[in-house]
Amino acid sequence: MSEKTFYQEYEVFSKRTPSSGFQHQFSLLAPNEDMAMIMAQENFMRREPVADIWVVNRKHIRGMNEEEKLTLNRLDNKEYRTAKGYGYLKKKWRKYEQQMLDEKEIMSWGGKKK
Amino acid sequence: MTNLALAATEEEKMERFMEKIEKGIKIEADDWMPEEYRTTLIKLISMHGMSEIMGALPEKEWVPKAPSLHRKLGIMAKVQDEMGHGQLLLRVAEDLLKPYGKTRGDLMQDLFTGKLKFHNVFHAETRTWGDAGLIGWLVDGAAIITQTDMLNASYGPYARALHRICAEEVFHAQHGEAIIMALAEGTDEQRAMIQDALNRWWNSLLVFFGPAAKETLGTSKQDVTIKYKIRTKTNEQLRQDFFTKYVPRILSLGLELPDKTMHYNEEKEVWVYQEPDWSELKAVARNEGARSQARLNLRRTSYQTNAWVRDALAATIS
Ligand SMILES: [Fe+2]
Ligand SMILES: [Fe+2]
């Protein structure tokens with residue numbers, strides 16, 4: 001039957017706004033990329049706002065198998081890599097009558113010059 | 001690294017699998033899974049997918065007859081959504097079918113031969129515009145009850161599909177309510193039309209959730225689906241939820257319950273109702289419902305008529 005060979009699997013990614021990152025939506029079947037692009041819009045973008053779409057043939061995706069995924073488990077001893085491991089500084093700075101420059105503070109520095 | 005895979009025995013795999021299920025870690029298409037889990041999902045999801053496609057047909061019959069342009073646009077959008085739901089779900093089913101070398105073409109053939117069934121509610125006729133409204137309101141309502149119960153299903157791809165589907169079902173429910181409320185606030189004739197629709201659909205709505213005990217029909221998948229955390233509630237719990245949500249709304253619109261004996265038992269906290277006629281389910285399982293053959297024929301014809309499109313597109317690759 002033609003169905004056995006006709007379809008190819010595509011994964012669909014899209015972003016809601018020009019500044020957001022791409023998000024995986026779902027997969028679909030299509031005979032080629034151009035049809036996949038049309039189908040992606042028909043299947044997944046009937047209502048939501050969308051700024052861009054990617055369709056990727058599944059055969060071009062190298063995923064991880066179950067065993068490989070197991071190697072992603074992190075040991076719970078990486079505090080020296082994160083802000084959490086330095087939380088004690090807050091108390092220390094208090095002694096010098098200064099506030100700690102934490103993530104919330106630092107990330108608020110971006111944007112327009114005042 | 002890959003030696004890890006070789007080291008795990010079947011029992012160890014099963015143990016790890018059940019551990020993931022218990023912890024609420026999603027199972028993905030490429031993950032190891034026991035045969036029973038795979039076959040249960042295939043049965044459930046391929047039936048769900050085909051039911052979305054066959055379920056678009058009863059309402060499609062009302063697209064040309066919708067009473068205004070606004071209503072026509074609304075019901076067209078809904079019918080298109082249902083076809084889209086079918087697409088999503090068949091994709092999920094196909095990935096599960098891979099080890100068996102089967103595709104949606106095979107599922108379509110199974111539908112035509114009667115091996116693959118579609119939900120009882122989509123075998124009935126839609127006599128009036130009241131039926132179109134009632135399907136959106138209560139048939140989609142019943143489907144929403146069963147589908148939201150599986151939003152956290154252990155199988156990741158199905159859970160994600162259901163999240164997309166249920167978000168659109170919110171529109172379907174409101175679309176149905178809009179039709180029903182317009183008729184309920186209309187003339188005596190219009191009110192009679194929806195009462196008549198409710199009377200005719202009541203049995204099917206109750207049957208939709210499946211029998212409470214497997215003794216009723218001899219088979220039931222509910223235990224397996226609960227064991228693997230695909231769903232959480234039993235058929236009867238879902239039917240009770242449906243009553244709790246919809247009976248007060250039905251009554252508030254001045255409609256009468258077709259089951260005159262129905263009441264809520266405060267003490268036991270259950271709805272007491274007359275057992276539906278389960279022979280309906282046996283008949284539709286053999287595709288002997290009022291519109292079973294007509295709708296299957298429509299599907300068959302369009303599948304055959306459009307075969308050239310599939311063939312023409314197939315020629316462009318390689
Ligand atoms: Fe649907
Ligand atoms: Fe729906």
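**Notebook: two iron ions and an A–B interface**

I began with the donor spacing of the iron ion (ligand 2), which runs E-x57-D-x28-E-x2-H along the chain. I note here that the model is predicted.

**Entry 1, ligand 2.** I looked up the atoms behind that spacing. The protein donors of the iron ion (ligand 2) include Glu82(B) through OE and Asp140(B) through OD. Glu169(B) appears twice in the list, each time as OE. His172(B) completes the list with ND1. These donors lie 2.1 to 2.4 Å from the iron ion (ligand 2). I then placed two of them on the fold. Glu82(B) sits in helix α4 of chain B, and His172(B) sits in helix α7 (residues 156–184) of chain B, so this pair ties together parts 90 residues apart in sequence.

**Entry 2, ligand 1.** Next I turned to the iron ion (ligand 1). Glu52(B), Glu82(B) and Glu169(B) coordinate it through OE, and His85(B) through ND1. The distances run from 2.1 to 2.3 Å. Along the chain, the donors of the iron ion (ligand 1) are spaced E-x29-E-x2-H-x83-E. I checked where Glu82(B) and His85(B) fall. Both are in helix α4 (residues 69–97) of chain B. They are 3 residues apart, about one turn of the helix.

I also asked why the arrangement around the iron ion (ligand 1) is irregular. The 4 donor atoms subtend angles of 81 to 167 degrees, and that range makes it so. Tetrahedral would need all angles between 85 and 135 degrees.

**Entry 3, the pair.** Which residue bridges the iron ion (ligand 1) and the iron ion (ligand 2)? I found Glu82(B) in that role. The iron ion (ligand 1) and the iron ion (ligand 2) lie 3.3 Å apart.

**Entry 4, the interface.** I moved on to chain A against chain B. I counted 31 residues of chain A in contact with 38 residues of chain B. The two chains bury about 2900 Å² between them, with 50% of it on carbon and sulfur atoms.

Then I looked at the polar side. The rule finds 11 salt bridges across the interface. I picked out one of them, in which Lys69(A) pairs with Asp31(B). Their closest N and O atoms are 3.3 Å apart. The rule also finds 15 residue pairs in polar contact across the interface, both residues at pLDDT 80 or more.

Which elements of chain A supply at least two residues each to the side touching chain B? I listed α1 (3–6), β1 (8–15), β2 (23–30), α2 (33–44) and α3 (66–70). The residues of that side divide into 11 nonpolar, 8 polar and 12 charged.

Technical notes:
Residues are numbered from 1 along each chain as its sequence is written. Chains are lettered from A and ligands numbered from 1 in the order in which they are written. This is a predicted model: local features need pLDDT of at least 70, side-chain atom pairs count only at pLDDT 80 or more; totals for chains, interfaces and linings use all residues. Side-chain values use heavy atoms; hydrogens and water are left out. Contact means heavy atoms within 4.5 Å. Buried area is the accessible area (1.4 Å probe) that two parts lose on being put together, summed over both. A salt bridge is a side-chain nitrogen of Lys or Arg within 4 Å of a carboxyl oxygen of Asp or Glu. A polar contact is a pair of N or O atoms within 3.5 Å; within protein, one must be able to donate a hydrogen and the other to accept it, and residues adjacent in sequence count only if both atoms are side-chain atoms. Helices (H or I, at least four residues) and strands (E, at least two) are DSSP runs, numbered from the N terminus. Ala, Val, Leu, Ile, Met, Phe, Trp, Tyr, Cys and Pro count as nonpolar, Asp, Glu, Lys and Arg as charged, and the others, Gly among them, as polar. Donors are N, O and S atoms within 2.8 Å of the metal (3.2 Å for Na, K and Ca); water is not among the atoms, so sites may look incomplete. Four donors count as tetrahedral if all angles lie between 85 and 135 degrees; four count as square planar and six as octahedral if opposite donors are over 155 degrees apart and all others between 65 and 115; anything else is irregular.
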